[in-house]
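Let's take a walk around the bound molecules of this structure. Have the sequence and the 3D view open as you read.

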Amino acid sequence: MNSSITTESDPVDSEPTIVAIATPRGEGGLSVIRLSGANSVAIAGALFVKGNGLPLDDKIIPQKAYFGEVREDNGTCIDEAILTWFKAPKSYTAEDVVEICVHGGEFVSLKVLQRCLEEGASMAEPGEFTRRAFVNGRIDLSQAEAVIDVIHSASDQALKTATSQLKGNLSKTLSQLYDDLIAVLSQLSAAIDFPEDDLKFVQQAELLRKIGAIQSSITTLLGTYRQGKIFREGARVLLIGKPNAGKSSLMNALLDEERAIVTPHSGTTRDLLEERIRIRDIHINLIDSAGLRENPEAIEEIGIERTRKALEESDLAVVLFDQSRPLDENDRLLISAANDKERIAVLNKCDLAEEIDRYEIKEYLPKTVMISISATTHQGLADLKDAIYEKVARSGNNSESVVISRERHRSALAQTQVALDRAKESVENQLSEEFIAVDVHMAMDHLGGIVGKNFDEDLLDQIFNEFCIGK
Ligand SMILES: Nc1nc2c(ncn2[C@@H]2O[C@H](COP(=O)(O)OP(=O)(O)OP(=O)(O)O)[C@@H](O)[C@H]2O)c(=O)[nH]1
Ligand SMILES: [Mg+2]
């Protein structure tokens, strides 16, 4: 290794310098091999020679692209390359980062990676670059999560949410709420220091007002979750109906392939079948289910239980009726199951004569969009897609600029609310300030957990395992 190259930013006792191929495996135009850590420049200097034949030296300038070549230990050229040094702390990880860009061949990239390992770098774990950016304080945990959301996003809306979070908009909102909780705490400690009775009443009202304001902001944030999650992960849309209503036929029609088994016999589908489609810019996880019916056989009952569970977890139920038959007790069972769900009523088999009483459905499923289709002829399918899109793309409050989209954030905010409810109750019951402060601290822990003010290694492992190597 060319140990003559050191940079001012070399920390003492730092983490090992890591390396990974940052671009996807396979062939492409370019491939980037990324190093991060105190020895990045020294390692790169041992295998890279500038275009003029000179080695990298102490005069290397950060953020400048150097043309040259990567060489074997014996001096043989591996490939032409462009090298850029991002000097700590102005880099992705806040450590010294070197990116070596070579032609996008898998073998070439692996050779350069191998050279870096020979010169003393360690192989990076999945997400380790972003993990270091978090540990080094350049980004918080919600921003680190946004990085993977940007990579995975497949629609304008998903990307907008992810980039806004990456820029720190969620962090700013949470940090303001955290500061507001600190203000509550300081008011509590002032009350402990000056316990005059006549101040108590005023202070109590002020505390309740402050906590109430924080809670209402949290409620607004929580209100964005359904929509945020749908944009990030896709919407779960369940096809539900009595046996033979045509759920599997509709599944196939929406997928445009013969995926689910269709027969004239009731009870054909026994288990859930999930496939992904896209309606405009939203992913839909479409689920076909076992028909709901009274007094099922034992094996059907297991399928029906799964259908009910899927219904609970779904964002939207497409409630399917066979319009060529009169409503029966199985349809009524279906209506009661779908009663408190987001739903669309669909009258299938509109190519046959209408026998169903649609007004009875309207009566029991009020305020429900109703669409006639034929899963066989595909009539009405475009209207159904539009209706599904309207329901899932416009659910929740779209006007909020800060949106939460992860269950981890939702659950932390819900726990914050619970702790604040307890704090308010203690204020109302005139319990001691120390007692109230315990719940306010608890609320701060939950809130702070979202941005990683407190975390354990297991949580970090869980978050960064979602990442690919090199990110
Ligand atoms: N005429 C007509 N027949 C249909 C239509 N949709 C489905 N069918 C027929 O209805 C029967 C049942 O269809 P499936 O799609 O298997 O119904 P299902 O709801 O999945 O039934 P289970 O899996 O048993 O709950 C089949 O014979 C289909 O060909 C339609 O729009 N028009
Ligand atoms: Mg079926």
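A residue counts as near a molecule if one of its heavy atoms lies within 4 Å of it. This is a predicted model, and with that cut-off ligand 1 has 23 residues around it, of which K247, S249, G267, T268 and T269 come nearest.

**The shell around ligand 1**

What kinds of residues make up the shell around ligand 1? Polar ones number 14, alongside six nonpolar and three charged residues. Helix α9 gives the most to this shell, with three residues.

Some polar contacts to ligand 1 are worth finding in the viewer:

| Residue | Polar atom in the residue | Partner | Distance |
|---|---|---|---|
| S249 | side chain | oxygen of ligand 1 | 2.5 Å |
| T268 | backbone | oxygen of ligand 1 | 2.8 Å |
| S374 | side chain | oxygen of ligand 1 | 3.2 Å |

How much of ligand 1 does the protein bury? On its own, ligand 1 exposes 650 Å², and the protein buries 87% of that.

**The magnesium ion**

Now turn to ligand 2, a magnesium ion. Its coordinating atoms are OG of S248 and OG1 of T269, at 2.0 to 2.1 Å. S248 belongs to helix α9 (residues 247-255), while T269 sits in the loop between α9 and β9 (273-279), so the pair ties together parts that are 21 residues apart in sequence. Are these two residues buried or exposed? Both S248 and T269 are buried.

T269 is a good residue to end on: its OG1 coordinates the magnesium ion, and T269 is also among the residues that come nearest to ligand 1.

Note on methods. Residues are numbered from 1 along each chain as its sequence is written. Chains are lettered from A and ligands numbered from 1 in the order in which they are written. This is a predicted model: local features need pLDDT of at least 70, side-chain atom pairs count only at pLDDT 80 or more; totals for chains, interfaces and linings use all residues. Side-chain values use heavy atoms; hydrogens and water are left out. Donors are N, O and S atoms within 2.8 Å of the metal (3.2 Å for Na, K and Ca); water is not among the atoms, so sites may look incomplete. Helices (H or I, at least four residues) and strands (E, at least two) are DSSP runs, numbered from the N terminus. Buried means under 20% relative accessible area, exposed over 50%, partly exposed in between (1.4 Å probe, protein chains only). A polar contact is a pair of N or O atoms within 3.5 Å; within protein, one must be able to donate a hydrogen and the other to accept it, and residues adjacent in sequence count only if both atoms are side-chain atoms. Accessible areas come from the Shrake-Rupley method with a 1.4 Å probe; for residues, only the protein chains shown count as cover. Ala, Val, Leu, Ile, Met, Phe, Trp, Tyr, Cys and Pro count as nonpolar, Asp, Glu, Lys and Arg as charged, and the others, Gly among them, as polar.
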